[in-house]
Amino acid sequence: MIQFEKFEIANGLKVLVHQDVSTPMAVVNVLYDVGARDEDPAKTGFAHLFEHLMFGGSIHVPVYDEPLQLAGGENNAFTTNDLTNYYCQLPSENLETAFWLESDRMLSLAFSKKSLEVQRKVVSEEFKEHYINKPYGDVWHKIRALTYTVHPYKWMTIGAELSHIKNATLDDVKAFFKKHYNPSNAILVVAGNVTVEEVKRLTEKWFAPIPAGEKYIRNLPAEPKQTAARSNSVRANVPLDALYKCWHIYPRTDPRYYTADLITEILSGGGSSRLFQSLVKEKQLFSNIECYHLGSTDPGLLVIEGKLVKGMKMEDAEAAINEELVKLQNEGISQRELEKVKNKTESMIAFEDMEITNRAASLAMYELMGDADLINKELERYRAVTAEEIQTESKIIFDERNSNTLYYYSNN
Amino acid sequence: MNRLVAPRIKDAIEFDLQLKPCQRFTLHNGVPVYAIDAGAQEVVQAELVFYAGNWFEQQKNIAPATNYLLKNGTSKKTAFQLSEEFDYYGAYCNRACYSETAVVSLSTLAKHVPETLPVIREMITDSVFSESELDIFKQNSKQRLQVNLQKSDFVATRLIEACLYGDQHPYGKYTNPEDLDVLESGSLKNFFKQYYLNGQCVIFVSGKLPVNIEAQLNMAFGDLSLKPFNNQLATISQQPAAEKKYRVQNDVHGVQGSIRIARPFYTRRHPDFMKVMVLNTLFGGFFGSRLMSNIREDKGYTYGIHSYVQNHIHDSAWIISTEAGKDVTEATIEEVYKEMKRLREDLVDEEELLLVRNFLIGTILGDLDGPFHIMGRWKNLALNNLTDDFFYKSIETIKTVSAEELRDLAKKYLNPEDFYELVVI
């Protein structure tokens, strides 16, 4: 059970406080309800580039990091297709430093030309390091383009192409800030060795004077239901053939999300999972195989991916995956197997909650989903999934017409 | 309220850092146990550390192969059945093999310790290393290696370590695909017998511990022919490379160069070690470091650049590591040397030094959060044959090391001619 208190201030900023006196630290987590899905298709990668610029100085503080490090703190941030999350952790005595820094950059950035120039280069290097200079680095670029036709999930967080980042202007930066970095578009979570009274006082002092701004209303094109199987074949300079199969699943808030999540565990959660045992160990068609889903807010993807053992044929590998899926569709699962994946989920949640930074970020994300208290109801929802639901959903999800396949062939 | 003025802070020097004490006991067979009972979540982590790293192998990859295959079959259970024993209870059993040590660890909900500890016992006493499991291991390791060999960062890390220690030394040797082909089940069985079944072991257990944890550990491991960990490692001679500079073309389509600049360095026992840790932080050890500020935040040559001292027990090295744009690799190297020169010639000002001190203390404070992290500290001390005195002296050093001392250490250790320099594209 994760305890918290919640309040909202006049400018629309939502605040959650999670007290944990066993730690000497405090965590200040600010989530902005903006991600790559909110980008202009001609200017992709912007939400993430913007995250970098948030460290390039705000209106009254020339450098974000220095005062925080001086206060014994450290910080980081990440951007997804759905949201942008910033957090810092510092000794709780120095909590106010974090309020000062976070409120100032919510108030206004410095919009420095130099910062933009440098971060464009840094992000270009990040793009190269992770998506160009690695074997299979362009896989997600291709999968997103194949699976989404209209929804902005069709591009990666890093951006659809390097040129979009290189062409970003200071006017783009200012417009993006004005549109998305408002108190009403943010959730502040303060966790650790803090009291609700202190957090209220500091919030009033530092965040209340920030103008509410205009609330951004999201209006994204919904991805139409896929009605025919899609596939794409590529050849690249990689050592091994690889196979990627994806199916559309449910939005994060849909009750069937939990069923889909457990299906991924049945197929590839650990050494006793179905795909690993059958395809890596028994048939030795794949040298590794994984099944997971994207966990996105809007309808996401369930993915099976693996690299083929040298000499094995793509058709055989794909047929073997399909055979496992048909088995799940026809025979379902036993109570024991269901119990196993539920136990794994219970354990995963307990281990994740060990870290105060995780608890803070999770609270922010559940609040974004509509109610932070969902954090305490998750286990119940997983426990409620039945074997029948698993079987029913496996028929719906793994329908051939809902499938997207990327055949990634080695040139060697 | 004036937003131009930073709120008052409490400085690092004022924090009184305490390493939560560790409970210690020995099992019936003398195996030492470190235990920390803390935390709010109902979870337990148990780590069995053996002197079974690649320091002890006579042939490449015997140590990691043995370690990996511990979970792949005993005389009574198949690999699938062993995994099922953990998976059913939502527990995780991980293996890891390092230069000196090899680890078998269990992470589980506290309520399932009684069901899962005996499975670990079975693995470390009755593993069979069947030919079929070894064949799958060989095949899949080879494929993973082939993918990695296409990555410039992977290749660069291997080569710089080979330069530093020689490619016959445990810290410098690396795997080629043909090394995997020649692995034989018999050699794994022998290694298992010597270094696990009759090996040296120490146990670290942390989390919300069951009250009878000592009895449970004794039941699982107290009657085995394990020996207590004695912290003695035979010396293996190093053969560092004579040539200092390397430019390697690994991928003709590469768009970045993996840069490694490194020199031999000492371990925690060396009198300069703690002060050098502060110097390293200033140089390239955190986001606000000289290397990051210059090469990422000013020039934009890279997504990240770091310097660090390797975490080895016997000998170590000081390494600068980054991936930079292909056309700016030489400019990046030049800037690294410029930063060394600045550290050798100019005193760090008090403001920057205070920032480094506060950052380090804050990081340690944050890192002492939760039983697993605290045990991580104790484990590091124990495996390096140190006591908590080392922890308190490190804190003292962070608080008191002077700008002059740091400059003198830079003069002593940060001279480009002592460094190997490597770029892999």
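**Terms and values in a two-chain model**

Q: What joins strand S9 (residues 256–265) of chain B to strand S12 (residues 420–424) of chain B, and in which direction do they run?
A: Five bridges join S9(B) to S12(B), and the strands run antiparallel. Two strands count as paired if DSSP finds at least two bridges between them, so the five bridges meet the definition. One bridge partner is Val423(B) in S12(B), which faces Ile259(B). Strands here are DSSP runs of E with at least two residues, helices are runs of H or I with at least four, and both are numbered from the N terminus. This is a predicted model, in which local features need pLDDT of at least 70 and side-chain atom pairs count only at pLDDT 80 or more, while totals for chains, interfaces and linings use all residues. Residues are numbered from 1 along each chain as its sequence is written, and chains are lettered from A and ligands numbered from 1 in the order in which they are written.

Q: Which strands of the open sheet in chain B are called edge strands, and what makes them so?
A: The open sheet has five strands in the order S8-S12-S9-S11-S10 (chain B), with mixed pairing. Strand S8 (245–248) and S10 of chain B are the edge strands, as each pairs on one side only. In general, strands of a sheet pair through backbone hydrogen bonds, either parallel or antiparallel.

Q: Why is H9(B) described as parallel, perpendicular or oblique to H15(B)?
A: The axes of helix H9 (residues 273–285) and helix H15 (residues 403–413) of chain B come within 10 Å and cross at roughly 85°. Axes are lines fitted to C-alpha atoms, for helices over the stretch in contact, and angles run from 0 to 180 degrees between N-to-C directions. Angles under 35 degrees count as roughly parallel, over 145 as roughly antiparallel, 65 to 115 as roughly perpendicular and the rest as oblique. The value therefore makes H9(B) roughly perpendicular to H15(B).

Q: By class, which residues make up the contact of H9(B) with H15(B)?
A: The contact has eight nonpolar, no polar and two charged residues. Ala, Val, Leu, Ile, Met, Phe, Trp, Tyr, Cys and Pro count as nonpolar, Asp, Glu, Lys and Arg as charged, and the others, Gly among them, as polar.

Q: Why is H11(A) called parallel, perpendicular or oblique to H15(A)?
A: The axes of helix H11 (residues 314–331) and helix H15 (residues 387–397) of chain A come within 8 Å and cross at roughly 135°. That angle makes H11(A) oblique to H15(A).

Q: How do you know whether helix H1 (residues 46–53) of chain A is mostly covered or not?
A: A residue is buried if 20 or more other C-beta atoms lie within 10 Å of its own, exposed if 12 or fewer, and partly exposed in between, with C-beta atoms placed from the backbone. Seven of the eight residues of H1(A) are buried, including Phe46(A) and Leu53(A).

Q: Why does Arg3(B) count as buried, partly exposed or exposed?
A: Arg3(B) has 15 C-beta neighbours inside 10 Å, and therefore counts as partly exposed. Arg3(B) lies in the segment before strand S1 (23–26) of chain B. Its contacts include His60(A) and Asp104(A); two residues are in contact if their C-beta atoms, placed from the backbone, lie within 7 Å.

Q: How many residues does each chain bring to the contact between chain A and chain B?
A: Chain B supplies 62 residues and chain A 59 residues. H12(B) gives the most to the side of chain B that touches chain A, with nine residues.

Methods
Lists of a residue's contacts leave out its neighbours within four places in sequence.
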